[in-house]
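Reader: Could you walk me through this one? I'd like to start with a single residue and work outwards.

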Amino acid sequence: PYGQDNGECKHIWATVLEVDRTGALTNVRVIDHLPAGARYRAGSLRRDASKVPDPVVAADGSSFTFTQ
């Protein structure tokens, strides 16, 4: 989820699928480039409805990178 300057919260979802089915996925990196004016809300990242550590947010706030 990310919030815009007016305080509105937008929820986004990403689905990562394993295509070769040889085992659990490792070293998965998700990079999200946020729309203009949007910022990541600290503490809002979830995986399967469970809270996970915050991603690395770009210095200018325009994107974030989550590695699992």
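**From one residue to the pocket**

Author: Let's start with D32, which is buried, at a relative accessible area of 18%; buried means under 20%, exposed over 50% and partly exposed in between, with a 1.4 Å probe and protein chains only. This is a predicted model, where local features need pLDDT of at least 70, side-chain atom pairs count only at pLDDT 80 or more, and totals for chains, interfaces and linings use all residues. Residues are numbered from 1 along each chain as its sequence is written, and side-chain values use heavy atoms, with hydrogens and water left out.

Reader: Which residues is D32 in contact with, leaving aside its neighbours within four places in sequence?

Author: D32 sits in strand 3, residues 29-33; strands are DSSP runs of E with at least two residues, numbered from the N terminus. Contact means heavy atoms within 4.5 Å. One partner, I12, is 20 residues away in sequence and 10.0 Å away C-alpha to C-alpha. With those neighbours set aside, the contacts of D32 are I12, S62, S63 and F64.

Reader: Why is one side of strand 3 left without a neighbour in the sheet?

Author: Two strands pair if DSSP finds at least two bridges between them. Here three strands make an open, antiparallel sheet in the order 3-8-7. Strand 3 and strand 7 (56-57) stand at the edges, so each has a single partner strand. For strand 3, five bridges run to strand 8 (residues 63-67).

Reader: And in strand 8, what is the bridge partner of V30?

Author: Strand 3 and strand 8 run antiparallel. In strand 8, V30 is bridged to F66.

Reader: How are the rings of Y40 and F64 set, and what is the pair called?

Author: There is one aromatic pair in the structure; rings of Phe, Tyr and Trp (its six-membered ring) pair if their centres lie within 6.5 Å, with planes under 30 degrees apart counted as stacked, over 60 as edge-to-face and the rest as tilted. The pair links distant parts of the chain, Y40 in strand 4 (residues 38-40) and F64 in strand 8, 24 residues apart. Both residues are buried. Their ring centres are 5.2 Å apart and their planes at 55°, so the pair is tilted.

Reader: Which strands each supply at least two residues of the lining of the largest pocket?

Author: A pocket is an open set of points on a 1 Å grid over the protein atoms alone, where a 1.4 Å probe fits, with protein on both sides within 12 Å along at least five of seven lines; lining residues have an atom within 4 Å of a point. Of the 21 lining residues, A14, L45, R46, R47 and F66 lie nearest the centre. The strands asked for are strand 3, strand 5 (46-47) and strand 8.

Technical notes. Helix = DSSP H or I, 4+ residues; strand = E, 2+ residues; numbered from the N terminus.
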